[in-house]
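Please open the model in your viewer and keep the selection tool at hand. The tour moves from empty space to the packed residues around it.

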Amino acid sequence: GSGQAYKRRIQNSKIFEFYPHLSFDAVKVVEPSTLALYKDSYLVRKDGDSKVYEVNGDGTRHWLDMTPEKFSATGRVWDMVYLINGAELSWYKEGASVK
């Protein structure tokens, strides 16, 4: 790994419903200085599928239709990709692919 720690924004509380182990009880409040140690990641991949998507703030997902070389050349890092389930992936609206 890169050694960099990442954080993923949960865009809607509905996403908690897709994961039995997640709940608001599991949320920990941290200091802004602690949160600042984590870099934002908007990249996700459904478990069992190799397609990587970029999730935008408007709730759309965009397939990164590119080679691994281009993925890396655009500044994206494989450690940024969060594994999600199909229910969450389906919740995001399909947007245009990124080439």
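What follows is a short walk through a predicted model, with a selection to make at each stop.

**Stop one: the pocket.** Begin by selecting K7, R8, I10, L22 and V27, which are the closest to the centre of the largest pocket among the 16 residues that line it. The volume of this pocket is about 530 Å³. If you then highlight strand β1, residues 6–8, you will see the element that gives the largest share of the lining, namely three residues. Colouring the lining by class separates 11 nonpolar residues from two polar and three charged ones.

**Stop two: the cavity.** Searching the whole structure turns up one cavity of 30 Å³ or more, and the volume of the largest cavity is about 60 Å³. To see what surrounds the largest cavity, select R8, R9, Q11, S41, Y42, L43, V44, V55 and Y92. By class, five of these lining residues are nonpolar, two are polar and two are charged.

**Stop three: the cores.** Next, select I15, F18, Y19, V44, Y53, V55, I84, L89 and Y92, the nine residues that form the largest nonpolar core. A second core, separate from that one, has eight residues, among them V52, L64, F71 and V81.

**Last stop: one residue.** Which residues does I15 touch, once its neighbours within four places in sequence are left aside? Centre the view on I15 and add I10, E88, W91 and Y92, with which I15 is in contact; of these, Y92 also belongs to the largest nonpolar core.

Conventions. Residues numbered from 1 in each chain as written. Predicted model: local features only at pLDDT ≥ 70, side-chain atom pairs only at ≥ 80, totals over all residues. Heavy atoms only, no water. 1 Å grid on protein atoms, 1.4 Å probe; cavity = no way out; pocket = protein on both sides within 12 Å on 5 of 7 lines; lining within 4 Å. Points joined across faces, edges and corners; volume = space filled by probe spheres on them. Nonpolar A, V, L, I, M, F, W, Y, C, P; charged D, E, K, R; others polar. Helix = DSSP H or I, 4+ residues; strand = E, 2+ residues; numbered from the N terminus. Core = buried A, V, L, I, M, F, W, Y, C linked by side-chain atoms within 4.5 Å. Buried < 20%, exposed > 50% of the residue type's maximum accessible area, 1.4 Å probe, protein only. Contact = heavy atoms within 4.5 Å.
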